[in-house]
Amino acid sequence: MHARHVFALLTLALALGTGCTYDFDQFREQGGSTTPTQDVSGDSGASDTGPRDVGADARVTPDSGGDGGPADAARADGGPADATAPDAADATADASEDMSVEEDMGVVPDPALCGNDVIDPGELCDPCPVCDDMDACTMDSSQGSASTCDQVCSFSQPQAQCISGDGCCPVSCTLADDADCTPDCRLDHTWPQNLKGLEAQLFALLNQGRAQARSCDGATLSGPQPAFTLDPALVIAARCQAEDMAKRNYVSATTPEGDQVDFWVDPTGYDWASLASHVSSAATPQAMVDSWFASPRICARMMDPSYTEAGVGWATAPGTTGGLPRGAHVAAQPR
């Protein structure tokens, strides 16, 4: 028998006798249910996330307090899964055959791929611009050629017509005349007027409470303090936080995934040195403000003069516990 065949048979016997398996760890992450700690006053629950400060080294340090501190998010890892390697006989069988290579086999180049960081055949440069600003209200176009490095993107002025089904909600349109104008916490002009009215009440009541001298811990007198300045970016952050709580039916300044206040503020581009977030579930703005000032820790933060700018959000959604709205207050010390 040829030595090559004997080697193949021996290899096959060893493979069948010992087995060849490889373990692959499969990781799966899933958000668990949240049972937030609530500071209850009347029919409302209050929760807060403590200051998040950025020092000279730009590190973020969360401080989550006991007055409705962050809720726990359950996480689970899937166990290891076994994957069996190909049979050794198959691997050696290929090696036992004589292989021949066509010497004249050519390499077929990939087509020009704009943006793959490689100057492919037909290209003079890479990466190439991608003419898409991800805004449904603008028309995207380009001039020149990506392959000759003279491509220039241009974007038209935002569309002003109210046309349902085009994915665009112009500033001048409402849900009544454009089906694309569904409420979006990131777009002020789509936010329902009744919710804006409740937010205005909430903000006014917060500043009224801040204007009064009070003892948050029962011993130390604090204030009065100047009114918060309403910042549009912080309003967007607070709205999106309130909307998320309403849609997913929880009351906590920390999301079920563990995200804190900077998760809502950073996408707005607001430049902050310190942040604090307070949330609640209550029937009225007055009940919500009362629940916050009834908490010693939240009250102390409300009366902290270093927080000068703020935004509030008010949101409702079907299925929320008790049918109560969700409210959020984001206070900030600007950089």
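Seven helices and 13 strands: that is the secondary structure count for this protein. Keep in mind that this is a predicted model. The protein has 335 residues, and 38% of them count as buried. Now the contacts. Take those with a separation of 6 or more: 62% of them join residues 24 or more positions apart. On the outside, the protein exposes about 18800 Å². Carbon and sulfur atoms supply 55% of that area.

Next, the pockets. The largest pocket has a volume of about 230 Å³. Its lining has 13 residues. Which of them lie nearest the centre? They are C137, G167, C168, C169 and L187. By character, the lining divides into 6 nonpolar, 3 polar and 4 charged residues.

Two names now lead us to a threonine. C169 and L187 are among the residues nearest the pocket centre. C169 is also touched by T190. And the backbone oxygen of L187 lies 2.8 Å from a polar atom of the T190 side chain.

So where does T190 sit? Its place is the loop between β7, residues 152-155, and α3, residues 193-210. Is T190 buried or exposed? Its relative accessible area is 7%, under the 20% cut-off, so T190 is buried. The T190 side chain has a second backbone partner: the nitrogen of D184, at 2.9 Å from a polar atom of that side chain. Leaving out residues up to four places away in sequence, T190 touches C181, T182, P183 and D184 as well as C169.

On to helix α6, residues 285-294. Why call it largely enclosed by the rest of the structure? Because 7 of its 10 residues are buried. Here is the list: P285, A287, M288, V289, S291, W292 and F293. A reminder on geometry: an α-helix has 3.6 residues a turn, so residues three or four places apart point the same way.

Last, two backbone details. First, a cis peptide bond. It runs from G223 to P224, with omega near 0°. P224 is in the loop between β9, residues 221-222, and β10, residues 229-230.

Second, a positive phi. N249 has a phi of about 60°, although it is not a glycine. N249 is placed in the loop between α4, residues 232-248, and α5, residues 261-265. How accessible is N249? Its relative accessibility is 33%, which falls between the 20% and 50% cut-offs, so N249 counts as partly exposed.

To recap the residues worth pulling up on screen: T190, buried in its loop, P224 with its cis bond, and N249 with its positive phi.

Note on methods. Residues are numbered from 1 along each chain as its sequence is written. This is a predicted model: local features need pLDDT of at least 70, side-chain atom pairs count only at pLDDT 80 or more; totals for chains, interfaces and linings use all residues. Side-chain values use heavy atoms; hydrogens and water are left out. On a 1 Å grid over the protein atoms alone, a cavity is a set of points where a 1.4 Å probe fits but cannot get out, and a pocket is an open set with protein on both sides within 12 Å along at least five of seven lines; lining residues have an atom within 4 Å of a point. Grid points are joined across faces, edges and corners, and a volume is the space filled by probe spheres set on the points. Ala, Val, Leu, Ile, Met, Phe, Trp, Tyr, Cys and Pro count as nonpolar, Asp, Glu, Lys and Arg as charged, and the others, Gly among them, as polar. Helices (H or I, at least four residues) and strands (E, at least two) are DSSP runs, numbered from the N terminus. Buried means under 20% relative accessible area, exposed over 50%, partly exposed in between (1.4 Å probe, protein chains only). Contact means heavy atoms within 4.5 Å. Accessible areas come from the Shrake-Rupley method with a 1.4 Å probe; for residues, only the protein chains shown count as cover. A polar contact is a pair of N or O atoms within 3.5 Å; within protein, one must be able to donate a hydrogen and the other to accept it, and residues adjacent in sequence count only if both atoms are side-chain atoms.
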